[in-house]
Amino acid sequence: MKRTRLKVVAGNVLEHFVSRNSDISGYWAMGVLHRFALNHQVYTVDLDLLNRTIEPAHSQLVSCLDHPRLMFERMVINNGLSMAEVTQALINIEFQVAYDPKLHARSFGYGDPFRCQLVIEDDLGRRRTATIGGRSAAHNPKREHRSTRGDGALKLSLNKLVIDEVSGNSDK
């Protein structure tokens with residue numbers, strides 16, 4: 001069945017999503033989401049690729065869903081499926097998890113272990129899941145270099161997000 005390819009799609013989307021090439025306003029997406037989670041005093045962040053929502057909600061971070069969603073849609077279609085065959089695509093990120101040698105053995109860098117999982121449900125009710133682990137530290141613009149490939153408008157909104165959340169004016 002073609003729908004079994006959704007497991008491969010899930011794994012490929014996650015590999016890219018947690019990579020250093022995945023950024024929000026030129027900064028590593030996992031670090032920005034880690035900072036976001038800490039600012040909201042939560043350890044999990046859920047990204048719904050189909051409905052374009054993020055939980056806990058923050059209007060300025062919805063744009064971080066654009067790239068993984070487009071990649072997901074492209075991979076579904078390239079694997080001979082249609083988006084009508086997908087009823088759910090949810091990325092769950094857990095920060096400050098316990099070290100797991102199966103998930104974190106190949107993770108490099110500094111920071112705390114995280115676990116990221118993508119659950120895809122098809123129109124027949126079957127779920128395909130991929131899980132990946134790594135290490136991330138909360139976004140800190142004083143310690144990090146920003147990529148030059150980010151969008152100018154998004155850079156401004158991320159700067160506002162960091163300033164607002166540091167000052168306690170968050171959009172909940």
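**Exercise 1. Classify R52 and describe its backbone in this predicted model.**

*Solution.* Step 1: the relative accessibility of R52 is 34%. Step 2: partly exposed residues lie between the limits of 20% and 50%, so R52 counts as partly exposed at 34%. Step 3: R52 is placed in the loop between β3 and β4. Step 4: its phi is near 55°, which is a positive value in a residue other than glycine. Step 5: for comparison with the general pattern, most residues other than glycine have a negative phi.

**Exercise 2. Determine where Q96 lies and what the sign of its phi is.**

*Solution.* Step 1: Q96 belongs to the loop between β5 and α4 (101-104). Step 2: phi of Q96 is near 55°, hence positive, and Q96 is a residue other than glycine. Step 3: with a relative accessible area of 37%, Q96 is partly exposed.

**Exercise 3. Identify which residues the cis peptide bond joins.**

*Solution.* Step 1: the bond in question links E55 and P56, with omega about 5°. Step 2: P56 is located in the loop between β4 (53-55) and α3. Step 3: as a general rule, most peptide bonds are trans.

**Exercise 4. Show how the buried residues of α1 are arranged around its axis.**

*Solution.* Step 1: α1 has 13 residues and spans 18 Å from its first C-alpha to its last, close to the 18 Å expected at 1.5 Å a residue. Step 2: the buried residues of this helix are L6, V9, A10, V13, L14, F17 and V18. Step 3: viewed down the axis of α1, these buried residues fall within an arc of 140°, and therefore they line one face of the helix. Step 4: G11 also lies in α1, but G11 is partly exposed, with a relative accessible area of 23%. Step 5: G11 and A130 are 119 residues apart in sequence, while their C-alpha atoms are 5.2 Å apart in space.

**Exercise 5. Describe the largest nonpolar core and state which helix or strand gives the most to it.**

*Solution.* Step 1: the largest nonpolar core has 40 residues, of which F17, L33, L47, F72, I91, I93 and C116 touch the most other members. Step 2: at least two residues each come from α1 (6-18), β2, α2, β3, α3 (66-78), β5, β6 and β7 (127-136). Step 3: α1 gives the most, with 7 residues. Step 4: leaving aside residues up to four places away in sequence, I91 touches L14, F17, V45, D46, L47, L49, C116, Q117 and L118. Step 5: in soluble globular proteins, nonpolar side chains tend to be buried together.

**Exercise 6. Analyse the aromatic pair formed by F95 and F114.**

*Solution.* Step 1: the structure holds 2 aromatic pairs. Step 2: in the pair of F95 and F114, the ring centres are 6.4 Å apart and the planes make an angle of 55°, a tilted arrangement. Step 3: F95 lies in strand β5 (residues 86-95) and F114 in strand β6 (residues 112-122), so the pair ties together parts that are 19 residues apart in sequence. Step 4: both F95 and F114 are buried. Step 5: W28 joins F95 and F114 in one aromatic cluster.

**Exercise 7. Decide whether H40 is buried or exposed, and find what its side chain reaches.**

*Solution.* Step 1: H40 has a relative accessible area of 14%. Step 2: buried means under 20%, so H40 is buried at 14%. Step 3: H40 is in the loop between α2 (29-39) and β3 (44-48). Step 4: its side chain reaches the backbone oxygen of F36 at 3.0 Å.

Definitions and conventions:
Residues are numbered from 1 along each chain as its sequence is written. This is a predicted model: local features need pLDDT of at least 70, side-chain atom pairs count only at pLDDT 80 or more; totals for chains, interfaces and linings use all residues. Side-chain values use heavy atoms; hydrogens and water are left out. Helices (H or I, at least four residues) and strands (E, at least two) are DSSP runs, numbered from the N terminus. Buried means under 20% relative accessible area, exposed over 50%, partly exposed in between (1.4 Å probe, protein chains only). A polar contact is a pair of N or O atoms within 3.5 Å; within protein, one must be able to donate a hydrogen and the other to accept it, and residues adjacent in sequence count only if both atoms are side-chain atoms. Rings of Phe, Tyr and Trp (its six-membered ring) pair if their centres lie within 6.5 Å; planes under 30 degrees apart count as stacked, over 60 as edge-to-face and the rest as tilted. A nonpolar core is a set of buried Ala, Val, Leu, Ile, Met, Phe, Trp, Tyr and Cys residues joined through side-chain atoms within 4.5 Å. Contact means heavy atoms within 4.5 Å. The expected span of a helix is 1.5 Å times one less than its number of residues. The arc is that of the directions from the helix axis to the C-beta atoms.
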